[in-house]
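Visitor: I would like to learn how to read the packing of helices in a model. Could you take me through one case?

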Amino acid sequence: MVRARYYYLEMNNLVRDLNVYTVLVIALILFLTFTFRIQFYSPLKHLESEMKDFAQGDRAIRKYDYKLDEYRSLFHQFSKMKTQITSLMDDIYKKEKEKRQLELDKLYFQINPHFMMNALNSAQWQATMEDQPELASYLYHLNFLLGYTLGKVNQNTTLHSEIQVLTSYLELQQSRQDFQFYIDVEEGLYLQRECARLILQPIAENAICHSIDD
């Protein structure tokens with residue numbers, strides 16, 4: 001009877017110890033699981049969330065304080081990458097905006113001179129129809145000079161076209177101021193050689209503006 005009592009006592013102690021050890025092991029597993037989730041799983045979920053938000057256009061920089069240097073370094077590099085990508089996207093947007101503005105300005109530049117030249121051409125023909133040769137001649141030279149200055153006529157500039165421009169300019173100025181002019185040009189192939197645009201007209205303009213009294 002004594003041995004049986006000791007036997008059951010030992011069995012009870014053993015079961016109790018097993019239960020205690022089991023509870024401790026479960027508690028340790030739960031602690032490790034919670035620690036793993038806090039230390040490893042949560043940062044990865046945050047990183048995944050950051051990547052999804054960034055892919056949807058959210059470029060905000062958020063700070064996370066993690067104890068592991070590896071995760072701090074990872075998030076720092078990711079934030080740095082977001083900043084660089086944001087800067088590149090802003091530069092691309094700015095350049096595209098400037099490009100569109102230049103294209104729009106170019107379009108305005110093309111439309112406005114066309115409208116003005118067409119208006120001058122219509123006025124010239126109106127003056128011709130109404131038998132006003134002086135006004136028609138004035139509008140013709142003005143239209144030609146405007147088109148040449150804006151590069152709408154005579155795209156390949158030659159000395160011959162420069163002389164034409166000079167003549168038109170002097171014709172226009174002659175209608176406003178009292179002076180006479182003549183142009184004596186020796187014919188030759190040299191007149192067809194390309195040259196810089198508007199190399200003669202500024203000289204004549206300077207002479208008229210500053211020397212007409214003399």
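Guide: We shall go through a helix pair, a nonpolar core and a loop residue, keeping in mind that this is a predicted model.

Visitor: How are two packed helices described, and what angle do H3 and H4 make?

Guide: Two packed helices are described by the angle between their axes together with the distance between those axes. Here helix H3 (residues 133–149) packs against helix H4 (residues 159–174) at about 135°, and the axes lie 9 Å apart. An angle between 115 and 145 degrees falls outside the ranges called perpendicular or antiparallel, and H3 and H4 are therefore oblique to each other. Their crossing is left-handed.

Visitor: Which residues in H3 and H4 meet?

Guide: From H3 come Tyr-138, His-141, Leu-142, Phe-144, Leu-145 and Tyr-148, and these meet residues of H4 that include Val-165, Ser-168, Tyr-169 and Leu-172. By class, the contact of H3 with H4 has eight nonpolar, four polar and two charged residues.

Visitor: Which helix gives the largest share of the largest nonpolar core?

Guide: That core has 11 residues in all, among them Phe-144, Val-165, Phe-179 and Ile-208. H3, H4 and helix H5 (201–211) each supply at least two of its residues, while the largest share, five residues, comes from H4. Leaving aside residues up to four places away in sequence, Ile-208 touches Tyr-169, Leu-170, Gln-173, Gln-177 and Phe-179.

Visitor: Where is Phe-181 placed, and how is its accessibility classed?

Guide: Phe-181 sits in the loop between H4 and H5, and because its relative accessibility is 24%, Phe-181 counts as partly exposed. Beyond residues up to four places away in sequence, Phe-181 touches Thr-167, Leu-170, Glu-171 and Gln-174.

Key
Residues numbered from 1 in each chain as written. Predicted model: local features only at pLDDT ≥ 70, side-chain atom pairs only at ≥ 80, totals over all residues. Heavy atoms only, no water. Axes fitted to C-alpha atoms, helices over the stretch in contact; angles between N-to-C directions. Helix = DSSP H or I, 4+ residues; strand = E, 2+ residues; numbered from the N terminus. Parallel < 35°, antiparallel > 145°, perpendicular 65-115°, else oblique. Left-handed = near helix turned anticlockwise from the far one by under 90°. Contact = heavy atoms within 4.5 Å. Nonpolar A, V, L, I, M, F, W, Y, C, P; charged D, E, K, R; others polar. Core = buried A, V, L, I, M, F, W, Y, C linked by side-chain atoms within 4.5 Å. Buried < 20%, exposed > 50% of the residue type's maximum accessible area, 1.4 Å probe, protein only.
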